[in-house]
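Ready for a few quick exercises? Have the model open and try each one before reading the solution.

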Amino acid sequence: MSKIGRNPGGADRRYLRRAELLREKIEQPEMYPFNLPAVKELESIDFHDRVTYIIGENGVGKSTLLEAIAVAWGFNAEGGTLNFNFATAETHSPLHRHLRLIRGTARPKDGFFFRAESYYNVATAIDELDQDSEPRTRIIDSYGGRSLHEQSHGEAFFATFMHRFGSNGLFILDEPEAALSPVRQLAMLTRIHELARSGGQFIISTHSPLLMAYPHCRLYNLTAGGIQECGLEETEHYIVTREFLNNREQMLERLLNDEEE
Ligand SMILES: Nc1ncnc2c1ncn2[C@@H]1O[C@H](COP(=O)(O)OP(=O)(O)OP(=O)(O)O)[C@@H](O)[C@H]1O
């Protein structure tokens with residue numbers, strides 16, 4: 001079992017310090033989500049005061065872990081702020097009931113659980129809540145004023161990060177790069193920096209080597225062997241991307257193994 005590194009000494013500005021798995025209460029360890037390799041090996045995970053990245057192969061359990069942390073904190077399983085409580089499908093795992101969250105002394109003033117896969121449902125929930133409300137109390141105004149459904153996926157995601165995310169917030173983001181161009185991903189790094197400097201704490205699951213490049217961070221790699229802390233340049237995402245950009249011709253030749261047509 002792995003016990004993930006503690007934060008070094010100094011002032012602790014984290015809202016969420018640690019998540020611990022309460023293994024003794026698990027009744028069916030052979031069932032999802034307890035049978036996921038990353039969960040099997042998890043004991044506790046310490047969060048960075050600015051950004052904690054959760055990375056790993058498709059299907060390793062990143063969304064499951066992030067969702068459990070978000071739900072244990074009080075967020076809606078399908079995403080949004082702490083005020084959202086809609087549910088289009090009850091598909092979230094019971095992992096949150098087996099997590100103990102160790103909170104900091106400071107309380108966040110803002111927060112958002114963003115998950116790319118169900119952001120459509122958040123957009124619908126906002127439209128519905130705004131349908132009968134006074135113009136001056138419209139929720140969408142805090143997202144930039146334009147229905148998220150009337151924007152492209154990338155525009156809607158980006159409007160949320162730029163307008164809705166505020167100071168002193170806890171932000172849990174599951175694959176926020178899903179619809180963002182490389183330029184927007186870089187702009188998102190700037191936004192993360194602004195928010196982190198004004199008291200924001202982020203937990204981000206991502207496949208993007210651009211988005212995982214924020215330097216004030218802790219990066220955890222979920223693998224079949226458990227969870228390992230690593231540096232950006234040790235990640236497969238960084239290594240494979242660099243290899244490809246530096247040796248595109250050779251890699252394509254190997255990948256496509258072209259025969260005369
Ligand atoms: N409700 C469920 N019941 C059973 N298995 C599930 C359920 N939801 C997800 N899984 C399985 O659990 C594993 C982890 O899924 P999860 O979505 O957490 O992976 P991920 O690391 O976020 O993947 P990706 O990078 O593709 O988003 C997958 O093999 C998936 O098929």
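Below are three exercises on this predicted model, each with a worked solution.

**Exercise 1.** Find out which residues touch the most other members of the largest nonpolar core, and which helix gives the largest share of this core.

*Solution.* Start with the core, which has 61 residues; Ile69 and Ile172 touch the most other members. Next, look for the biggest contributor: helix α2 (residues 62–73) supplies the largest share, seven residues. Finally, pick Ile172 and skip its neighbours within four places in sequence: Ile172 is then in contact with Leu66, Ile69, Ala70, Phe75, Phe113 and Ile203.

**Exercise 2.** Work out which strands pair with β4, and in what sense.

*Solution.* First check how β4 (residues 51–56) sits: six of its six residues are buried. Take the faces in turn, with Val51, Tyr53 and Ile55 on one side and Thr52, Ile54 and Gly56 on the other. Now go to the partners. Strand β8 (residues 201–205) runs parallel to β4, joined by four bridges, and Ile54 stands opposite Ser205 there. Strand β9 (residues 217–223) also pairs with β4 in the parallel sense, over six bridges; in β9, Asn221 is the bridge partner of Ile55.

**Exercise 3.** Describe the shell around the ligand by class, and say which element gives the most to it.

*Solution.* Collect the residues around the ligand; among them are Tyr32, Leu36, Gly56, Lys62 and Thr91. Sort the shell by class and you get three nonpolar, seven polar and one charged residues. Then ask who gives the most: that's α2, with three residues.

Definitions and conventions:
Residues numbered from 1 in each chain as written. Predicted model: local features only at pLDDT ≥ 70, side-chain atom pairs only at ≥ 80, totals over all residues. Core = buried A, V, L, I, M, F, W, Y, C linked by C-beta atoms within 7 Å. Buried ≥ 20, exposed ≤ 12 C-beta atoms within 10 Å, placed from the backbone. Helix = DSSP H or I, 4+ residues; strand = E, 2+ residues; numbered from the N terminus. Contact = placed C-beta atoms within 7 Å. Near = placed C-beta within 6 Å. Nonpolar A, V, L, I, M, F, W, Y, C, P; charged D, E, K, R; others polar. Pairing = 2+ DSSP bridges.
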